[in-house]
Amino acid sequence: MYLDNLSVINFKSLTQVEVQFDTKINCFVGNNGQGKTNLLDAIYYLSMCKSYISSTDSQVLKHGEDFFVLQGKYNRNNTEENIYCGLKKGEGKVFKRNGKEYERLADHIGFLPVVMVSPIDGELVEGSGEQRRKYVNGVISQIDKVYLDEVIRYNRLLSQRNSLLKTYSKANFSYDLIEAIDIQLSEYAAVIHSKRKAFVEQLIGILQDYYNKVSGGQERVSIRYKSHLNDSSPDELFKNNIERDRVLQYTSVGIHRDDIVLLIDDYPIRTVGSQGQQKTFLIALKLAQFDFIAKVSGIKPILLLDDIFDKLDANRVHQLIDLVANDGFGQIFITDTNKHRLEEVLGKVSSGYRFFNVENGNFELVESK
Ligand SMILES: Nc1ncnc2c1ncn2[C@@H]1O[C@H](COP(=O)(O)OP(=O)(O)OP(=O)(O)O)[C@@H](O)[C@H]1O
């Protein structure tokens, strides 16, 4: 699959942009703050119906404007797909595929798979379990249409349970009501747990492989799925903790407390990994995610590599570009502030590429092969 061309109006700092892409490698070079990341984010938005970087749509709309439009022409399984996204201030966003509006955005997510590697991925190492759960949810929902619904339903039941725990006093505490919720909660918990477990298990082997390829292979890396449900069935878990939950007035166990632990030589990478090792780990994780999505969906995702060279030594940069430029990967978008570094690395790859200079939100094609 590839994105043939993109048109952008009023998306973040980009007032009006039209770009025709190479089917393999596209490089955007420019100084800080010129709009490189914003273009990658626009591509991500067209696939995932949300920004990778900004948490709300109002942050995505260009300051002072009241609408934005993104349009992309894709080639997916040799079929042309025209995707439109429009948002008007105060109204919802609209997504259309070949002129037909989607009723549910969830039907679009995963249709044009995408994997972003960005400096903000550091939050996966530094941040809370919630950020890692969000990451896992985001990947699984690209390949599993019902998964997000299951998580939403679980969370809805969880908040009902929590408000019961909070409002019921000791005298009128209703075990019956809580138990009725727990029956449904357990069903969703079991399904979500098994999907997360399968995802992590599939990722582990590929992660190590990519880490070795990029780093030259010294350390052993892994991820571990941490969940209360690893050693207990959900109904037992909720039942055994009900007294504690009653005292605490919230649900202290369940898949809403899941986490994935990122490990290097069996230690948490957050505490022992150097910055370069952490960055290599996150890149390997994203490449493993690429493989996972490609295998399950049968479509190679678009790979967005934003500012990936920072903190990587020259060897790792070469290994990485060699790796993603080969046939196993599809279309790639790379940003960098250093033109010479990118030119030098690309000089050694045999695939086609286009090179764009980015200045003040304008994208100028300066070289292609
Ligand atoms: N909603 C918005 N409206 C207008 N401008 C915005 C909006 N959101 C972000 N910007 C601007 O976009 C610019 C950042 O662009 P971007 O992140 O694409 O830069 P970049 O070229 O990737 O730079 P770097 O090399 O530093 O990563 C900033 O000047 C920021 O003020």
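**Helices, domains and a ligand shell**

Helices H3 and H5 are roughly perpendicular to each other. This is a predicted model. Why does H3 count as roughly perpendicular to H5? H3 covers residues 129–143 and H5 covers residues 175–215. They pack at an angle of about 90°. Angles of 65 to 115 degrees count as roughly perpendicular, so this pair gets that label. The axes of H3 and H5 are 11 Å apart.

Now look at the residues between them. From H3 come Val136, Val139 and Ile140. From H5 come Lys195, Arg196 and Phe199. By class, this contact has four nonpolar and two charged residues, and no polar ones.

H3 has another partner, helix H4, which spans residues 147–167. The axes of H3 and H4 come within 8 Å and cross at roughly 135°. That angle makes H3 oblique to H4. On the H3 side, the contact uses Asn137, Ile140 and Ser141. On the H4 side, Tyr147, Leu148 and Val151 take part. The classes here are four nonpolar, two polar and no charged residues. Find Ile140 in the structure: this residue of H3 touches H5, and Ile140 also belongs to the contact with H4.

Step back to the whole chain. The domain assignment gives two parts: domain 1 is 1–113 + 299–369, and domain 2 is 128–297. Note that domain 1 is written as two stretches of sequence. The C-alpha centres of the domains lie 29 Å apart.

How many residues of each domain meet the other? From domain 1 there are 17, in contact with 18 of domain 2. Helix H10, residues 314–325, gives the largest share of the domain 1 side, with five residues. That side of domain 1 has ten nonpolar, three polar and four charged residues.

Stay with the end of the chain. In an unreviewed entry, UniProt lists residues 308–369 as "domain: Cyclic nucleotide-binding". Over residues 308–369, the model has 32% helix and 31% strand. The end C-alpha atoms of that stretch are 22 Å apart.

Last comes the ligand. Which residues come nearest to the ligand? They are Ser13, Asn32, Lys36, Thr37 and Asn38, out of 17 residues around the ligand. Helix H1, residues 36–48, gives the most to this shell, with three residues. The shell has twelve polar, four charged and one nonpolar residue. Compare the class counts yourself: the domain 1 side facing domain 2 has ten nonpolar residues, while the ligand shell has one.

Terms used:
Residues are numbered from 1 along each chain as its sequence is written. This is a predicted model: local features need pLDDT of at least 70, side-chain atom pairs count only at pLDDT 80 or more; totals for chains, interfaces and linings use all residues. Domain bounds come from an automatic or database domain assignment. Two residues are in contact if their C-beta atoms, placed from the backbone, lie within 7 Å. Helices (H or I, at least four residues) and strands (E, at least two) are DSSP runs, numbered from the N terminus. Ala, Val, Leu, Ile, Met, Phe, Trp, Tyr, Cys and Pro count as nonpolar, Asp, Glu, Lys and Arg as charged, and the others, Gly among them, as polar. Axes are lines fitted to C-alpha atoms, for helices over the stretch in contact, and angles run from 0 to 180 degrees between N-to-C directions. Angles under 35 degrees count as roughly parallel, over 145 as roughly antiparallel, 65 to 115 as roughly perpendicular and the rest as oblique. UniProt positions are given in the numbering used here, feature names are shortened, and annotations may be inferred rather than shown by experiment. A residue is near a molecule or strand if its C-beta atom, placed from the backbone, lies within 6 Å of it.
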